[in-house]
Amino acid sequence: MAAGSPDVDTLPWLNPQRVARLQDALQARILVIDGAMGTMIQQHGLDEGDYRGERFVDGFDAAYLPEAGHVHGASCGCSHDQRGNNDLLSLTRPEIIRDIHAQYLDAGADLVETNTFNSTTISLADYGLSHLARELNEAGARLAREACDAAEARDPARPRFVIGVLGPTSRTASLSPDVNRPGFRAITFDALREAYREATDGLIDGGADLLMVETVFDTLNAKAALFAIEEAFDARGSRLPVMVSGTITDASGRTLSGQTAEAFWYSLRHARPLSIGLNCALGAKDLRVHVDVLAQIADAYVSTHPNAGLPNAFGGYDETPEDMAAVLGEFARAGLLNLVGGCCGTSPAHINAIARAVGEYPPRALPALEAA
């Protein structure tokens, strides 16, 4: 049975024809994921007014009254600086987000990620916009869907897919943020589950082909996301393929919650994801050994979308498209990859170079392992 395929105990696919085309593509070649949304947004040099737009011109949502009789005003306490709230641009500057998707598709991406990395009630609380979680996820998926549909219309033989992104949030369920209170937790499993459920419903309604729980630094957070996803599927009576991508935080080779790549996979194998992978935090060279581990043990497709190297002293990334393509081309030559793309610091030029580098190699063959 191919990775991510439903069996008699699971729900049918929501979009079986789309899943069939995805499975066919995965069997035929290494698929290319897009690059960094944030890196591309930074190139626009936006000021806070650009983030706010008309609806949020005063720093709060003029269309939302948080309690009966509330009137927004200069001293109401609802105003927040929205600079850096990239997900909000799906509402205030949708043309920017749609164009970024289009650039990555033109560069050779088969799959684009929605602009929803921080679109949970938990992360949006930093901007006073938690109530926008479902709306932002739906809008983000819709913009990516429009870009993919346009690209596919130009080349019907090559399907393009929308990955609905569920980011890690700004909280960790496994660790205390207070060194003096090791037993304290800033978030509960149920709070995470509720936040992920709302985001998941928005992504599905917006037209996502797949869901990806990504940049996982705490496996308990990922379990909450996967639980919420299954709840959403059960409520609809159908499902989408699910990808999971963790992040190795430093040279220790472990996630923030202390797991190796191998332990990370075995902790989540029960969810039967379409793919397991690693992204962010490290450059491709430093991820090589950990991707190799996943390629050997996982009976799912393997993905990676690394940073363009490690951040430099100015917070930038120095690996050129040619640098990344050479390293990831070797991953492909070694038979480690089914899906590949870029994370922080990567651009359409990086994705184009990566696509050309891996294009001559077949996708990794899934190993036949004992059932979980």
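User: Hi! How many cavities of 30 Å³ or more does the structure hold?
Analyst: Just 1 cavity of 30 Å³ or more turns up, and keep in mind that this is a predicted model.

User: Thanks. And how much space lies in the largest cavity?
Analyst: About 50 Å³.

User: Which residues line the largest cavity?
Analyst: Going along the chain, the lining is made of Leu166, Gly167, Pro168, Tyr196, Val213, Glu214, Val216, Phe217, Asp218, Asn221 and Ala222.

User: Which element gives the largest share of that lining?
Analyst: That would be β4, with 3 residues. Both β4 (210-216) and α9 (219-236) supply at least two lining residues each.

User: What's the lining like by class?
Analyst: By class, there are 7 nonpolar, 2 polar and 2 charged residues around the largest cavity.

User: OK, switching to helices. At what angle do α11 and α12 cross?
Analyst: Roughly 15 degrees, with the axes of α11 (residues 284-297) and α12 (residues 321-333) coming within 10 Å. Angles under 35 degrees count as roughly parallel, so α11 is roughly parallel to α12.

User: Is that crossing left-handed or right-handed?
Analyst: The crossing of α11 and α12 is right-handed.

User: Which residues in α11 and α12 meet there?
Analyst: From α11, you have Ala284, Lys285, Leu287, Arg288 and Val291. They meet Val327, Leu328, Glu330 and Phe331 in α12.

User: And how many nonpolar, polar and charged residues are in that contact?
Analyst: The contact of α11 with α12 has 6 nonpolar and 3 charged residues, with no polar ones. The charged side includes Lys285 and Arg288 from α11 and Glu330 from α12.

Note on methods
Residues numbered from 1 in each chain as written. Predicted model: local features only at pLDDT ≥ 70, side-chain atom pairs only at ≥ 80, totals over all residues. Heavy atoms only, no water. 1 Å grid on protein atoms, 1.4 Å probe; cavity = no way out; pocket = protein on both sides within 12 Å on 5 of 7 lines; lining within 4 Å. Points joined across faces, edges and corners; volume = space filled by probe spheres on them. Helix = DSSP H or I, 4+ residues; strand = E, 2+ residues; numbered from the N terminus. Axes fitted to C-alpha atoms, helices over the stretch in contact; angles between N-to-C directions. Parallel < 35°, antiparallel > 145°, perpendicular 65-115°, else oblique. Left-handed = near helix turned anticlockwise from the far one by under 90°. Contact = heavy atoms within 4.5 Å.
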